[in-house]
Amino acid sequence: MKLVFMGTPEFAVPILRGLIGAGYAVSAVYTRPDAPAGRGRSLTASRVKALADGLGLKIIQPRSLKKPEVAEELRSLAPDAIIVAAYGLILPQSVLQIPMYGCINVHASLLPRHRGAAPVAAAILAGDESTGVSIMRMDAGIDTGPVFATASTPICDNDTTGSLTERLACLGSNLLLEVLPRITGSEIAPAPQPAAGATYAPMLSKEQGCIDWNRPAIEIWRQVRAFQPWPGAFTTWEGRLLKLIETRPLDIPAAAPAGAVTALAGQPSMPFGIVTGDGVLGVKGLQQEGKKAATADEFLRGARGFEGAILGQDQCRKSP
């Protein structure tokens with residue numbers, strides 16, 4: 001069986017590695033073009049490209065799949081199936097119709113909930129108790145195709161988008177390897193997604209990381225976890241950005257305005273919290289703009305006048 005793989009970020013890496021490890025013939029790997037990254041904004045290869053290069057696989061990086069010559073090149077590879085995992089480009093009908101067994105997508109949610117580009121962050125933001133992966137046959141819509149199989153996992157209180165994505169990638173790889181032989185052997189047929197319960201998770205932006213302290217502590221706690229590692233949840237103090245890394249919502253009263261830093265007694269790992277619209281957000285780890293990440297205790301030792309300050313009075317202008 002001949003496969004073409006399409007994927008770009010870390011989520012797709014275990015899935016490609018699993019296919020190769022299982023002995024599948026991957027004739028080409030499609031991934032997004034190299035993009036500027038880091039402080040120097042130098043062109044950087046995707047995680048999938050780095051893996052494919054190390055495995056000696058053919059790498060193709062079109063900016064779009066809509067051009068006729070791109071579809072023609074893909075057709076010349078004669079794939080029996082195209083496996084897609086967080087690729088980041090739309091597959092037009094001219095591509096969807098090429099493989100005999102279709103384009104099979106590994107999506108990081110329990111469809112139809114959280115269709116779209118940021119399903120993992122969306123599940124944390126929504127306060128979902130669990131999420132999972134879906135193996136689906138792609139159609140012209142955005143994650144609307146029929147589903148072959150799903151697998152679920154609980155969302156833990158300490159899960160971030162980073163940790164949950166890593167777990168879902170492994171879950172998706174295992175489920176794909178279990179289901180793929182049944183798909184090609186005509187032992188399983190995909191079921192249409194129900195209309196009820198569909199939600200959409202659009203791509204995240206840096207601006208969404210800015211914290212509104214008038215919101216409840218539990219919602220801000222989810223924001224901190226959902227936006228880690230990117231774009232980060234942040235506020236401002238004395239005109240400088242302050243990124244929150246690890247927090248916990250506390251159901252305690254506070255006679256202070258939203259955004260006020262308040263001392264916490266009897267909490268060694270959380271010496272201070274921040275007043276919100278409902279409750280206090282205890283802080284364990286944070287990072288000030290231009291400095292290294294620190295525990296809350298380490299930060300306090302070098303931040304005179306921090307306790308009692310009101311955060312977020314300056315406009316959040318950029319992500320740290």
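Here is a short conversation about how some labels on this predicted model are reached.

Me: Before the labels, what are the ground rules for this model?
Reply: It is a predicted model, in which local features need pLDDT of at least 70, side-chain atom pairs count only at pLDDT 80 or more, and totals for chains, interfaces and linings use all residues. Residues are numbered from 1 along each chain as its sequence is written, and side-chain values use heavy atoms, with hydrogens and water left out.

Me: What makes C103 buried and C170 partly exposed?
Reply: Buried means under 20% relative accessible area, exposed means over 50%, and partly exposed is in between (1.4 Å probe, protein chains only). C103 has a relative accessible area of 1%, so it is buried. C170 has 41% relative accessibility, so it counts as partly exposed. Across the chain, buried residues make up 48% of the 320 residues.

Me: How do you know that C170 is not bonded to C156?
Reply: A disulfide is a pair of cysteine sulfur atoms within 2.5 Å. The closest cysteine sulfur to that of C170 is in C156, 14 Å away, so the two are too far apart for a bond. The structure as a whole holds zero disulfides.

Me: Why is the length of α6 said to agree with its number of residues?
Reply: Helices (H or I, at least four residues) and strands (E, at least two) are DSSP runs, numbered from the N terminus, and the expected span of a helix is 1.5 Å times one less than its number of residues. Helix α6 covers residues 161-184, so its 24 residues should span 34 Å; the end C-alpha atoms are 32 Å apart, which agrees.

Me: What makes E178 the place of a kink in α6?
Reply: The bend at a residue is the angle between axes fitted to the seven residues ending there and the seven starting there. At E178 there is a kink of about 30°, shortly before the proline P181. Just after α6, S186 takes a positive phi of about 55°.

Me: What residues line the second largest pocket, and what makes them lining residues?
Reply: The search runs on a 1 Å grid over the protein atoms alone: a pocket is an open set of points with protein on both sides within 12 Å along at least five of seven lines, and lining residues have an atom within 4 Å of a point. Here they are D157, N158, T160, W221, R225, Q228, I245, E246, T247, R248 and K284. Two elements, α7 (217-226) and β13 (240-250), give two or more residues to this lining, and β13 gives the most, with four.

Me: What makes A263 partly exposed, and where is A263 found?
Reply: A263 has 48% relative accessibility, so it counts as partly exposed. It is found in strand β14 (residues 261-263). Its C-alpha atom is separated by 9.5 Å from that of G282, 19 residues apart along the chain.

Me: Which backbone geometries deserve a look?
Reply: Most residues other than glycine have a negative phi, and most peptide bonds are trans. A cis peptide bond joins L111 and P112, with omega about 15°; P112 is in the loop between β7 (103-107) and β8 (115-116). The bond from W230 to P231 is also cis, with omega near 5°. A78, in the loop between α3 (68-76) and β6 (81-85), has a positive phi near 50°.

Notes
On a 1 Å grid over the protein atoms alone, a cavity is a set of points where a 1.4 Å probe fits but cannot get out, and a pocket is an open set with protein on both sides within 12 Å along at least five of seven lines; lining residues have an atom within 4 Å of a point.
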